[in-house]
Amino acid sequence: MSQTFDNARNLANDAKSEATRLASNARELASGAKDDASRFVADAKAEIVELRQRVEALMNDRVTPAVSAVADRASAIGKSATETVRHQADRASDAVHDKPLIALGVAALAGFIIASLVRR
């Protein structure tokens, strides 16, 4: 019977040793996985920073100048349109001052035509 106890004790010791070895391996694997995850997160953060810098560079190099050029062009067109309207208004004012009776007749005729169209 003592041999059975010795065998049982040996098996228990072997099981304990195996469990300790497996636990140690599990800790090493967990530590390695943690390190790998930390490296992956650090790499991802670095890549995000690099991508953000590239996007900012593209914005500064291409998009901002294009938007600025469009805004300048729109401003120039607006100024040109304003000048054209002022010029035409000055011409109309000069025509009314030079020939007031003709201007009055044209205005009356335009009013008559608009009134006729509105009644229909």
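Reader: Let's start with Arg21: why is this residue called partly exposed?

Author: Arg21 has 42% relative accessibility. The partly exposed class runs between the 20% below which a residue is buried and the 50% above which it is exposed, so at 42% Arg21 counts as partly exposed. Keep in mind that this is a predicted model.

Reader: Arg21 is paired with Glu18. What makes that contact a salt bridge?

Author: The closest N and O atoms of Glu18 and Arg21 are 2.3 Å apart. The cut-off is within 4 Å, so the pair qualifies as a salt bridge. Glu18 is partly exposed too, because its relative accessibility is 35%.

Reader: How do you know how far apart Glu18 and Arg21 sit in terms of helical turns?

Author: Count along helix α1: Glu18 and Arg21 are 3 residues apart, so about one helical turn separates them. An α-helix has 3.6 residues a turn, so residues three or four places apart point the same way.

Reader: What about Arg39 and Asp36, what makes them a salt bridge?

Author: Their closest N and O atoms are 2.2 Å apart, and the limit is within 4 Å, so this pair passes. Arg39 and Asp36 are also 3 residues apart in helix α1, which means about one helical turn. As for exposure, Arg39 has a relative accessible area of 48% and is therefore partly exposed, and Asp36, at 43%, counts as partly exposed.

Reader: And Glu83 with Arg86, how do you know that these side chains meet in a salt bridge?

Author: The N to O distance is 3.8 Å. With a cut-off of within 4 Å, the pair still counts as a salt bridge. Being 3 residues apart in helix α1, Glu83 and Arg86 are about one helical turn apart. Arg86 is called exposed because 51% is over the 50% mark. A search of the whole structure gives 5 salt bridges.

Reader: Why is Leu11 called exposed or buried, whichever it is?

Author: Leu11 is in helix α1, residues 2-98. Its relative accessibility is 59%, and exposed means over 50%, so Leu11 counts as exposed.

Reader: Which residues form the nonpolar patch on the surface?

Author: Val55, Met59, Val63 and Val67, with about 330 Å² of accessible area together. Patch members need over 30% relative accessible area. Val63, found in helix α1, has 37% relative accessibility, so Val63 clears that bar while counting as partly exposed.

Reader: What makes you say where helix α2 lies, in the open or not?

Author: Of the 20 residues of α2, the number buried is 0, so this helix lies largely in the open. Helix α2 covers residues 100-119 and reaches 29 Å from its first C-alpha to its last, close to the 28 Å expected.

Reader: How do you know whether the chain has the radius of gyration of a compact globule?

Author: Set the two values side by side: a compact globule of 120 residues would have a radius of gyration near 14 Å, but the chain has 45 Å. The C-alpha trace spans about 140 × 45 × 10 Å along its principal axes. The C-alpha atoms of Leu11 and Gly105 are separated by 123 Å. Buried residues make up 0% of the 120 residues, and the chain holds 2 helices and 0 strands.

Terms used:
Residues are numbered from 1 along each chain as its sequence is written. This is a predicted model: local features need pLDDT of at least 70, side-chain atom pairs count only at pLDDT 80 or more; totals for chains, interfaces and linings use all residues. Side-chain values use heavy atoms; hydrogens and water are left out. Helices (H or I, at least four residues) and strands (E, at least two) are DSSP runs, numbered from the N terminus. Buried means under 20% relative accessible area, exposed over 50%, partly exposed in between (1.4 Å probe, protein chains only). Patches are made of residues with over 30% relative accessible area and no salt bridge: like charges are joined within 9 Å, nonpolar side chains (Val, Leu, Ile, Met, Phe, Trp, Tyr) within 5 Å. Accessible areas come from the Shrake-Rupley method with a 1.4 Å probe; for residues, only the protein chains shown count as cover. The expected span of a helix is 1.5 Å times one less than its number of residues. The radius of gyration is taken over C-alpha atoms; the globule rule is 2.2 Å times the number of residues to the power 0.38.
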